[in-house]
Amino acid sequence: MAGGHCGSFAAAAAGSGEIVQLNVGGTRFSTSRQTLMWIPDSFFSSLLSGRISTLRDETGAIFIDRDPAAFAPILNFLRTKELDLRGVSISVLRHEAEFYGITPLVRRLLLCEELERSSCGSVLFHGYLPPPGIPSRKINNTTRSSADSRNGLNFTESEARGGGTQPVVSGTAEEAVRLGFPVDPRKVLIVAGHHNWIVAAYAHFAVCYRIKESSGWQQVFTSPYLDWTIERVALNAKVVGGPHGDKDKMVAVASESSIILWSVQDGGSGSEIGVFSLGVPVDALFFIGNQLVATSHTGKVGVWNAVTQHWQVQDVVPITSYDTAGSFLLLGCNNGSIYYIDMQKFPLRMKDNDLLVTELYHDPSNDAITALSVYLTPKTSVSGNWIEIAYGTSSGAVRVIVQHPETVGSGPQLFQTFTVHRSPVTKIMLSEKHLVSVCADNNHVRTWTVTRFRGMISTQPGSTPLASFKILSLEETESHGSYSSGNDIGGLAGGQECSSYLET
């Protein structure tokens, strides 16, 4: 080995086409100076700038006495900003990344270690999506009368754009404060997923990503920059019979009473379908099949159908909870009733301007239905789908009702009642094996194991208490002003084809 100052080596590298030869633990690597230098204050930036000395082998390559197997994925990360963990120990790789001072890689590996230690469920993927650029501003027509909003009229694309777009010169905190509360324009506020697509909602725009096994995550669509702050987002990556055929995807965002819906083609181009108004603040925004659905606690339901291209708003009883099951939307209301809307019948009901809201069940104590979860049992040769519904009430009761396919006309039957909460039930989830409820008293959680016979819920011996505990806090210290920070335990109804995503 020959000693030397790396300043002379850096000059030699610059004079030889920026190619840098490395000898890591006896294994030769060739890369560019630019690849090694893009992270400031790293081992390599110090090495090639002459701030530290090094050794060179007999060929003039820099010798680094480290593990070559761990260096290969680190060099690949410097080249592509992608991370391949196949056959690599995360802890060893993190240790080497810390030595080289590759701070972005260290942060991602720390997240990977946390995910591996998590007992909350299986991690389907983890990756880093670089932040997108801020898009051009969408100019809304502010002269439209308030009567149009109250009537739920939809605006055309040209009307909504108000004559075009203009560049955004900044996404400053001053602009965010003008909207009522400070929001970092580059911070992801909401993430939703459907099939192999996800949508990340920032304060004023939304970005859609698609994953492919061959190429990984790709940014497909970016919405225009909106004047108002996004509070709700919905994604449908499997539209059948949409305005541009079966390959359409749809993404919608909402703020206050306004909803904007875009169609995204398979190639990535997107177009605005329309701007709609619920007339009251939107509390929930989601898709059921080809229908975009918006609900408000005040008792309004808005539905847009992809086939008929029709937006309809209907008044119902004030809504305190909801869930979906197949083509059905179930609404828990403050009068103690559970109503349902069959979205498959929606196009047939448009001529009557009626969503056909039907009462399914009424709570025997007339308490408000404050939480709702539906579970569809798998179809078997013995019976069809049993519809099992767990709901919580304002008095703290937890009930399970069952609708047998052969007794549709007679309504659901009450199977179980649990009086374990003293405060209103805020969350509930029914799955194949478990029932979970949360009440308003310090997020008190109760869980049960569900007994089944031939796939159907059974009262003999009935559900067995599993655990009881309290969650002190689920809120972020800097939570968004208009939504809770991921407190929903969610439903596990069959066929929803949705996954959970964590943004860091």
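Colleague: How many helices and strands does the protein have?

Modeller: There are 10 helices and 33 strands. Keep in mind that this is a predicted model.

Colleague: And how much of the protein counts as buried?

Modeller: Buried means under 20% relative accessible area. By that cut-off, 46% of the 504 residues are buried. As for the surface, the protein exposes about 24,400 Å², with carbon and sulfur atoms supplying 51% of that.

Colleague: Let's pick one strand. Why is β13 largely enclosed by the rest of the structure?

Modeller: Go through the strand residue by residue. β13 covers residues 249–255, and seven of the seven are buried, so the rest of the structure largely encloses this strand.

Colleague: Which residues of β13 are buried on each side?

Modeller: Take the two faces separately. One side has Lys249, Val251, Val253 and Ser255, the other has Met250, Ala252 and Ala254, and all of these are buried, so both faces are covered, given the under 20% cut-off.

Colleague: Which strands pair with β13, and over how many bridges?

Modeller: Look for the bridges. With β12 (residues 232–236), β13 pairs in the antiparallel sense over five bridges; one of the partnerships is Leu235 with Val251 in β13. With β14 (residues 258–264), seven bridges join the strands, again antiparallel. There, Ala254 has Ile259 in β14 as its bridge partner.

Colleague: What do β13 and β14 form, and what is the phi of Glu256?

Modeller: They form a hairpin with two residues between the strands. Glu256 sits in the turn, and its phi is positive, about 55°.

Colleague: Last one: what share of contacts joins residues at least 24 apart?

Modeller: Counting contacts between residues at least 6 apart in sequence, 49% join residues at least 24 apart.

How values were computed:
Residues are numbered from 1 along each chain as its sequence is written. This is a predicted model: local features need pLDDT of at least 70, side-chain atom pairs count only at pLDDT 80 or more; totals for chains, interfaces and linings use all residues. Side-chain values use heavy atoms; hydrogens and water are left out. Buried means under 20% relative accessible area, exposed over 50%, partly exposed in between (1.4 Å probe, protein chains only). Helices (H or I, at least four residues) and strands (E, at least two) are DSSP runs, numbered from the N terminus. Two strands pair if DSSP finds at least two bridges between them. Contact means heavy atoms within 4.5 Å. Accessible areas come from the Shrake-Rupley method with a 1.4 Å probe; for residues, only the protein chains shown count as cover.
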